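Hi,

Here is the structure I promised to pass on. Have a look at it first, and my notes on the cavities and cysteines follow below.

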Amino acid sequence: NMAGRGTDILLGGCATTMARIKTRSVLLEQNVLSSEEMAGLPPSPPEEYFPCDISDDVVAMLKSAAASIKAAMGADITGIELDELLTVAFDTTEADDDPTYIVQLRDAADAVKEIYAPVLSEEKERVQKAGGLYVMGTNRHESSRIDQQLRGRSGRQGDPGSSRFFLSFQDDMFVVFGGDGLSKILKMFRVSEDMPVEAPQVTEALDKVQKAVEEKYRDIRREIFNFDEVLSGQRRAIYKRRRDILSFSPDESIAMMKEYNEQTVDSIVEAQTTDEGVNTAKVIEKIHQFFPIAAPLVGESDIAGMDAEAAAAFIKVVVDELFNSKMSEIPNLSKSSNYITLVTMDTAWSDHLQAMENLKESVILRQYQGRDPLQEYNNEAFKLFKGLEDNMRLNAVFSLWQSFVAAQQPAAAAA
């Protein structure tokens, strides 16, 4: 499909394009490029490709331009640089400060174009008398817009032209989107397989199939857009939080990490609390896991018999005191907190994006259960985002307090 790709069709051929190819061919024959550089370029077309021969005087002009280029630029010119020279010579207007080799190359190119132009003009007239460009399509696109663009190539700039599409009832668009009704009609009337079918009913049926395809893909694009809107909202929230952390002052960074410490303690105690009470052994195990330097200061006996609220309050006091002591020991604790939080946020967000992609694939299947995929996606995405926030917080707390342990080990070894 050439439509909309910057390619225009000139009946009979383009004198400028032909002259550029011929000029390049002569320059390469004059060894403007090294043999190694020429080996990586496509070969020049044979002489039969060009509309006519050029005179000896024009060939001499091209050779003189090639000699000037080699004298000015040496033997290190590349294929890309040669194309740039041709572009300057063919597509730009003359300037007072143009070097000599550009002036010579432009004059030679104009001479080639003057030779080719009348020949190609005659060929254009012959093509126009024959009916212009004939576009033949062997299939219909799923979008009628693409077909119309392709048809439009046959009548450019007032030139004559025509188009015709040759289709089969076995084409994918017919088979997949319900065009088999026409095949049944043909079988009913016993139409032979090699007989062409030309009827308005065929065109109408094809247009209906094409319209159905366009509607289907329009619905798919709308559904994808709605899915992306959900993820975009989460992305905006994460990016805002990331920008806030980057702009935090040291006091704000410390306050954020203290809040994370308290929320983590609450999450641990809440997870290990049932109607029968607090599972103190599990609570202490998790506290030692996330706050390892608190192990000597808080044990199972310290919170035995307490309810969830009292146990959480006791542990928070211990954790907060330890954190305050680390603030005095580590001068750049706020920077470390920020760095660890950002790294864990980026890692968790990458995992979340993959989880959201997997979710999108799974909720599509739920429509066969009579459920709305978008509503299912919204509900599940909210749960995943809540889990994302918890994971970022837990990972940040775990990583920071593990760094405290790592910092203590060299000090202990030195002592």
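Let me start with the second largest cavity: by class, its lining has 4 nonpolar, 2 polar and 3 charged residues. Keep in mind throughout that this is a predicted model. The residues around that second largest cavity are Ile9, Leu11, Leu133, Arg153, Ser154, Gly155, Arg156, Asp159 and Pro160, and the space inside comes to about 30 Å³.

How many cavities of 30 Å³ or more does the structure hold? There are 2. The largest cavity has a volume of about 40 Å³, and its lining is made up of Lys258, Asn261, Glu262, Lys316, Val319, Asp320 and Phe323. Two or more of the lining residues come from each of α10 (250-271) and α12 (308-329), with α12 giving the largest share, 4 residues. Sorted by class, the lining of the largest cavity has 4 charged, 2 nonpolar and 1 polar residues.

Now the cysteines. If you were going to set up bonds between sulfurs, note that the structure holds 0 disulfides; no pair of cysteine sulfur atoms lies within 2.5 Å. Are Cys14 and Cys52 buried or exposed? Neither quite: Cys14 is partly exposed, with a relative accessible area of 24%, and Cys52 is partly exposed too, at 21%. Both count as partly exposed because buried would mean under 20% and exposed over 50%.

Cheers

Note on methods. Residues are numbered from 1 along each chain as its sequence is written. This is a predicted model: local features need pLDDT of at least 70, side-chain atom pairs count only at pLDDT 80 or more; totals for chains, interfaces and linings use all residues. Side-chain values use heavy atoms; hydrogens and water are left out. Buried means under 20% relative accessible area, exposed over 50%, partly exposed in between (1.4 Å probe, protein chains only). On a 1 Å grid over the protein atoms alone, a cavity is a set of points where a 1.4 Å probe fits but cannot get out, and a pocket is an open set with protein on both sides within 12 Å along at least five of seven lines; lining residues have an atom within 4 Å of a point. Grid points are joined across faces, edges and corners, and a volume is the space filled by probe spheres set on the points. Ala, Val, Leu, Ile, Met, Phe, Trp, Tyr, Cys and Pro count as nonpolar, Asp, Glu, Lys and Arg as charged, and the others, Gly among them, as polar.
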